[in-house]
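Dear colleague,

Please find below the structure that I promised to pass on to you. My notes on it follow, with the terms explained as they come up.

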Amino acid sequence: MNTGGRPELSPGATARRHFEDEGFTLEGVSVAGVATWLTIGQWSLAIDCGVVTPQVVRCRTLALTHGHMDHAGGLATWLAMRRLNGLGSSTVYAPASAVGALRKVVETWESLHRHPFDWQLIGLEPGDRVPIRGDLTLEALPADHVVPCLGWAVWRTKHRLLRSLQGASGPEIKAAKLRGEAITQRADELLFALSGDSRATMVHDVPQLRQARVSCMETTFLDKRCSIAQAQLGGHTHLDELLDVPWQVKTLVPYHISQRYNGDVARRILTAKLGGVVQDVWPLLPESE
Ligand SMILES: [Zn+2]
């Protein structure tokens, strides 16, 4: 395959970054119209599987943004690979309206394989929240694409010592607990968000995208090679629409960049335009060699 200056289209090349403070590693590939997959190994969470890689196979949970082939085409392969490797049951979350068709695709492959896969498929609507680990919750976000599409947010719940007890001694805290008083309060941290395929309207409508520590924003088009109007028509975002957004993210991860841009060009445009807009920009592009 001609990779057109996008090394991630060669097997094995991925973008990967560990976020030390947040305690997770984001890895993936995303080329608009070709293939998108992302994983956070510590959470056993994959998002989309346009192609299936060992990183995606290892994840127990797959959150699909929508049913386009470059995002969901690897679903049955993922299930077959998990079965082959004896990795146990798998859970898939997807937009509720896509569930019937996705189930049919997998059932067709099950009949060809002559055995069922060990999986559950759960349809979600925007605003739905499901636990993916004891302290982690996955939230479905409303994307604005040409077919039903969900973005995703991941929240971590922590129980912090009440402010009134901070500075108190161990015995004082223990005594308060023995008296039956609450000594902690719940705090939800928004660690991660991802837009899915969406028009830029989503950034304004969905605060999670602006507020997550690490926020992945589809940025399919970067310059005059495609107009904002064309991007909107296709249900996508143009970089120029993201420049006046009041970002509060720690790191912005532009992804789903069109094949029209080779990796170096994309990185250069993104850094130049977003440099003064967000404190840290890390495009989902493999480091050039
Ligand atoms: Zn799409």
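**The seven-stranded sheet**

Seven strands form an open sheet in the order 1-2-3-4-5-6-7, and the pairing within it is mixed; strands here, like helices, are DSSP runs numbered from the N terminus (E over at least two residues for a strand, H or I over at least four for a helix), and two strands pair if DSSP finds at least two bridges between them. Strand 1 (15–19) and strand 7 (119–124) are the edge strands, each with a single partner strand, so one side of each is left without a neighbour in the sheet. From one strand to the next the twist averages 20 degrees, where axes are lines fitted to C-alpha atoms (for helices over the stretch in contact) and angles run from 0 to 180 degrees between N-to-C directions.

Before going further, please note that this is a predicted model, in which local features need pLDDT of at least 70 and side-chain atom pairs count only at pLDDT 80 or more, while totals for chains, interfaces and linings use all residues. Residues are numbered from 1 along each chain as its sequence is written.

Within this sheet, strand 4 (residues 45–49) and strand 5 (residues 61–63) run parallel and are joined by three bridges, with Thr61 in strand 5 as the bridge partner of Leu45. Helix 4 packs on the sheet, where it touches strand 6 (90–95) and strand 7, and its direction makes about 160 degrees with that of strand 7; contact between two residues requires that their C-beta atoms, placed from the backbone, lie within 7 Å.

**Helix 3 and helix 4**

Helix 4 has 15 residues and reaches 21 Å from its first C-alpha to its last, close to the 21 Å expected at 1.5 Å a residue (the expected span being 1.5 Å times one less than the number of residues). Just after helix 4, Arg114 takes a positive phi of about 60 degrees.

Helix 3 (residues 75–84) packs against helix 4 (residues 99–113) at an angle of about 50 degrees, with their axes 9 Å apart. That angle makes helix 3 oblique to helix 4, since angles under 35 degrees count as roughly parallel, over 145 as roughly antiparallel, 65 to 115 as roughly perpendicular and the rest as oblique. On the helix 3 side the contact is made by Leu75, Ala76, Leu79 and Ala80, which meet Leu102, Val105, Val106, Trp109 and His113 in helix 4. The residues of this contact divide into eight nonpolar, one polar and no charged, with Ala, Val, Leu, Ile, Met, Phe, Trp, Tyr, Cys and Pro counted as nonpolar, Asp, Glu, Lys and Arg as charged, and the others, Gly among them, as polar.

**The six-stranded sheet**

Another open sheet has six strands in the order 8-9-10-11-12-13, again with mixed pairing. Strand 8 and strand 13 (251–255) stand at its edges, each with a single partner strand, so one side of each is left without a neighbour in the sheet.

Strand 8 (residues 129–133) pairs with strand 9 in the antiparallel sense over four bridges, and a hairpin of two residues joins them; Arg129 has Glu139 in strand 9 as its bridge partner. Strand 9 (residues 136–142) is in turn joined to strand 10 (residues 150–161) by seven bridges, the two running antiparallel, and the bridge partner of Ala140 in strand 10 is Trp152. Strand 10 also pairs with strand 11 (residues 184–194), in the antiparallel sense and over ten bridges, with Phe192 in strand 11 as the bridge partner of Val154.

With best wishes
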